[in-house]
Amino acid sequence: MSQKRLATRIEQAAESATLAIDATAKSMIAEGIDVVSFAAGEPDFPTPDFIVDAAVEAVRDPRNHRYTAAGGLPELRSAVAQVTKRDAGLEVSDGQVVVTNGGKHAIYEALMTLLDEGDEVLIPAPYWVSYPEVVKLAGGVPVAIPTDLSSGFKITPEDVERYCTERTKLFIHVSPSNPTGATYTREESEALAATLDRLGLFVMSDEIYQHLTYSAAGPGERATSLAEVAPPSLIERLVLVNGVSKTFSMTGWRLGWSVAPLDVAKGMVKLQSQLSSNVANVSQRAALAAVRADLGATAYMREAFARRRSAIVSGLAGVPGFEVAWPEGAFYAFPSVAGVIGRRYQGTLVGSSMDLAELLLAEARVAVVPGEAFDAPGYLRLSYALGDQRIVEGISRISDFVAKLES
Ligand code: PLP
């Protein structure tokens, strides 16, 4: 009889560091401590009224009180197929769409459906915390492709070739990126897609921040989808992930989707039918209202984020020892803090970005996520999904704290 209590796969998995820091900041705030939290990974706007109204109506409709098809309500699958044409230039059948409990669930199901034990998965780093953990849960081996501030946190086709081995099955693409905001141009996406196609890799393209992009002057258009530049043979190996969490400020509703070749989509539905069944019908009805509408509500958020992006980047650029690039999408700034590491706060060594994040929370009452959470020590991630005044206040606390560091 095995004496082991927990399975190795769970023992070896890391908890989401971003959720943990966000939870600590939220509990400090609940205790009445005035913390400025740059840790959140979600828009700070309420879900638009017309979406909430659709949900209220759905709650009262007994049809929504029952199990429905595991892959999603037919109307929603069809509406997602239509926005996939609009946003990714891809004509797909409703059966290629799988409605999931958030984009995270779609990522898990896609990787569980595609990976066999030992398959390598290429992940550009810094990366979103869940990718390598989900790859491992699915039996795969995550392989990071490092990038840094000097390359704008973007990989090149040559990087992919260098890290690709005969064991590599899949490449994870995310543009705009969490945590760096890096967003691939159409030309860069085209070159990447051509190489991924030539190498015969499967690709999971996480496009959850697609509608949150900014140009130098302000809010921008949507980011290029890998689907619109992928050769037809790559489309046969391409899984798109998207959802309403970020685009419509609906993180709590848990509603995302994947768009995949039919055999992959069917595999995911099979898994979902055993794992969780249909996504809550009320959330699906709310999402239906969201995806059927135009992107007016998103445009409003994007304008606010563009304004806050200017405030946070110029603020951080003014902190001695910090170096920051302009994030082109999502709502995160990712400064290098290399210039601060090695200094001391009241005798305590700031030996890493993790130390800095801990000290900022304890001493300056500012929550940030250390780069270590994204395989990028030496950086901090600051979400700018918070009010303009709070951004100014938080940056001023960081500046005051850094000014007190001894060399
Ligand atoms: N992909 C990225 C890069 C993210 O940052 C997130 C959320 O933080 C997700 C996917 C998943 O979002 P959700 O599960 O809320 O749809």
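Here's a quick tour of this protein and the ligand it holds. Keep in mind that the model is predicted. We'll start with the protein as a whole, then zoom in on the ligand, which sits in the largest pocket.

**The overall fold**
- If you count up the secondary structure, you get 14 helices and 16 strands.
- The protein's radius of gyration is 21 Å, close to the 22 Å that the globule rule gives for 407 residues, so the protein is as compact as a globular protein of that length.
- Measured out along its principal axes, the C-alpha trace spans about 60 × 60 × 50 Å.

**Who's around the ligand**
- One stretch of neighbors is Gly 102, Gly 103 and Lys 104, and the aromatic rings of Trp 128 and Tyr 131 belong to residues that also surround the ligand.
- Asn 178, Asp 206, Ile 208 and Tyr 209 are part of the surroundings too, along with Ser 245, Lys 246 and Arg 254.
- Sort this shell by class and you find 4 nonpolar, 4 polar and 4 charged residues.

**Polar contacts to look for**
- On the backbone side, a polar atom of Lys 104 is 3.0 Å from an oxygen atom of the ligand.
- The side chain of Asn 178 has an N or O atom 2.7 Å from a ligand oxygen.
- A ligand nitrogen, meanwhile, is 2.5 Å from an N or O atom in the side chain of Asp 206.

**How covered the ligand is**
- On its own, the ligand has 400 Å² of accessible area, and the protein covers 92% of that.

Notes
Residues are numbered from 1 along each chain as its sequence is written. This is a predicted model: local features need pLDDT of at least 70, side-chain atom pairs count only at pLDDT 80 or more; totals for chains, interfaces and linings use all residues. Side-chain values use heavy atoms; hydrogens and water are left out. A residue is near a molecule or strand if one of its heavy atoms lies within 4 Å of it. A polar contact is a pair of N or O atoms within 3.5 Å; within protein, one must be able to donate a hydrogen and the other to accept it, and residues adjacent in sequence count only if both atoms are side-chain atoms. Accessible areas come from the Shrake-Rupley method with a 1.4 Å probe; for residues, only the protein chains shown count as cover. On a 1 Å grid over the protein atoms alone, a cavity is a set of points where a 1.4 Å probe fits but cannot get out, and a pocket is an open set with protein on both sides within 12 Å along at least five of seven lines; lining residues have an atom within 4 Å of a point. A molecule sits in a cavity or pocket if more than half of its atoms lie within 2 Å of its grid points. Ala, Val, Leu, Ile, Met, Phe, Trp, Tyr, Cys and Pro count as nonpolar, Asp, Glu, Lys and Arg as charged, and the others, Gly among them, as polar. Helices (H or I, at least four residues) and strands (E, at least two) are DSSP runs, numbered from the N terminus. The radius of gyration is taken over C-alpha atoms; the globule rule is 2.2 Å times the number of residues to the power 0.38.
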